[in-house]
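Reader: I am new to reading structures, and I would like a close look at a single part of this one. Could you take me through it carefully, with enough of the whole chain for me to place it?

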Amino acid sequence: MGRLPAERNVRWFLLGQLVSVLGDTMLWLVAGIWVKELTGSNSAAALTFFLVIVGTLCAPVGGMVADRYRRRRLLLVLNLATAAVLPVLLLVRDSGQVWLVYLVMLLYGLSNSFLDPAQAGLLRVLVPGERVGEVNGLLQTAKQSLRLISPLAGAGLFAALGAHAVVLVDTGTFLVAVATLLAVRLDEEAPSAGGSGWRTEITEGVRHLAKTVVLRQLTIGCALTMVGMGLAETVGLAVVGDGLGRPPAFLGVLLVGQGVGAVLAGLTAARIARRIGDGLLVAAGMASFGLGALLQTVPSVAVVATGMVLCGASMPWIAIGLTTIGFRHTPPELVGRVYAGFTVIMTVPQVLAMAVGAALIAAVDFRVVLVAMAVTVAAAAGYLFTRPEQRWATVGADAVRE
């Protein structure tokens with residue numbers, strides 16, 4: 001792994017990815033806090049997260065575009081376009097203009113539906129197949145490490161200078177991403193034009209997931225997990241306010257604990273995967289999330305913080321295991337569409353769960369929602385732990401295809 005940062009293109013790619021994640025995390029958190037302060041409503045705040053997820057439903061189109069065009073050029077255009085949209089938030093002054101926050105967050109999600117598969121495709125081009133697991137582990141660990149600083153940085157900047165300052169910083173991160181992409185020296189071949197029709201191409205990623213046994217099982221387990229995680233998007237502010245009696249900005253402090261868990265998990269992911277396989281690493285991440293959700297029902301900062309650490313640990317274990325297996329069982333020309341297909345399959349249950357969660361959080365005690373999250377994700381973990389194919393996920397694709 002130590003050789004990878006010295007490789008110029010990978011170094012610039014990682015830098016751009018990390019700066020972008022920093023801005024995304026800050027804005028995602030601050031948008032919810034901002035709407036909560038403007039409206040006083042947990043449900044209104046949760047709607048900001050919901051709209052970002054809704055925007056990602058265009059991922060199948062984004063995946064097809066990522067596989068049809070040079071990824072580096074596409075990412076340059078997408079980053080510039082997103083940087084041009086974000087300053088609209090500078091017009092928001094009071095609760096009567098909250099609709100602008102909703103609009104921009106919807107467009108933010110739409111942008112991600114094109115950015116994410118293009119980034120996955122470019123990573124596959126930059127890194128040889130046998131080393132994808134290495135660089136992915138490095139990238140995920142570094143991304144999750146940002147959770148140590150971005151929540152506090154975002155909440156602190158919001159408290160000191162207001163939401164507009166966070167908007168300007170996030171806009172700047174997209175411009176930095178453009179600069180790092182320009183620094184990448186890559187003679188990327190133009191992908192071959194699709195000849196089977198756009199409808200067939202859009203669904204090809206989903207069909208690949210369906211016919212590849214190990215990927216199909218992971219998709220089922222992760223779809224169930226996203227129901228639990230969708231509920232989580234609506235409960236964070238309630239845990240802080242109703243459970244701990246703290247102001248909304250305290251969520252940023254708790255998210256530091258999530259970052260600590262993510263860093264520790266990222267550092268241990270490779271060792272655990274070598275022992276149990278990447279598929280069971282994903283299942284372990286799910287189990288960690290379920291236990292973390294249960295701990296957040298306790299009205300204690302220390303216990304809730306421990307729960308956040310466990311939830312944070314779940315993210316890199318799931319992401320590293322999924323991405324490594326996904327790249328291993330997917331040909332390079334299909335990466336964008338498979339990534340996008342998986343994203344949209346995850347998004348639909350997450351969106352539905354967020355909608356249900358937004359209604360539940362206004363009608364029932366938030367602890368009920370947390371227990372429902374834990375039970376749902378535990379079921380997903382149990383499913384994967386009992387699939388023998390997940391123990392074979394480190395072998396070649398032919399061994400797990402029907």
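Author: A contact here means heavy atoms within 4.5 Å. With that in hand, we can begin with the whole chain, keeping in mind that this is a predicted model. Among the contacts in the chain with a separation of 6 or more, 86% are accounted for by residues 24 or more positions apart. The chain has 15 helices and zero strands, and buried residues make up 56% of its 402 residues.

The part to look at closely is Lys 36, whose place is in helix 1, covering residues 8–39. Lys 36 is buried yet has no salt bridge, and the nearest side chain of opposite charge, that of Asp 242, is 6.7 Å away. A salt bridge would need a side-chain nitrogen of Lys or Arg within 4 Å of a carboxyl oxygen of Asp or Glu. As for what surrounds this lysine, if we leave aside its neighbours within four places in sequence, Lys 36 is in contact with Ser 41, Asn 42 and Ala 45, and also with Leu 237 and Pro 248.

For a view of the outside, the chain exposes about 15,900 Å², of which carbon and sulfur atoms supply 66%. On that surface, Trp 99, Leu 103, Leu 107 and Leu 110 make a nonpolar patch of about 360 Å². Leu 110 is found in helix 5, which covers residues 98–126, and Leu 110 counts as partly exposed because its relative accessibility is 31%, whereas Lys 36 is buried.

Conventions
Residues numbered from 1 in each chain as written. Predicted model: local features only at pLDDT ≥ 70, side-chain atom pairs only at ≥ 80, totals over all residues. Heavy atoms only, no water. Helix = DSSP H or I, 4+ residues; strand = E, 2+ residues; numbered from the N terminus. Buried < 20%, exposed > 50% of the residue type's maximum accessible area, 1.4 Å probe, protein only. Areas by Shrake-Rupley, 256 points an atom, 1.4 Å probe, with all protein chains shown as cover. Patch = residues over 30% accessible without salt bridge, like charges linked within 9 Å, V, L, I, M, F, W, Y side chains within 5 Å. Lys, Arg positive; Asp, Glu negative; His and termini not counted.
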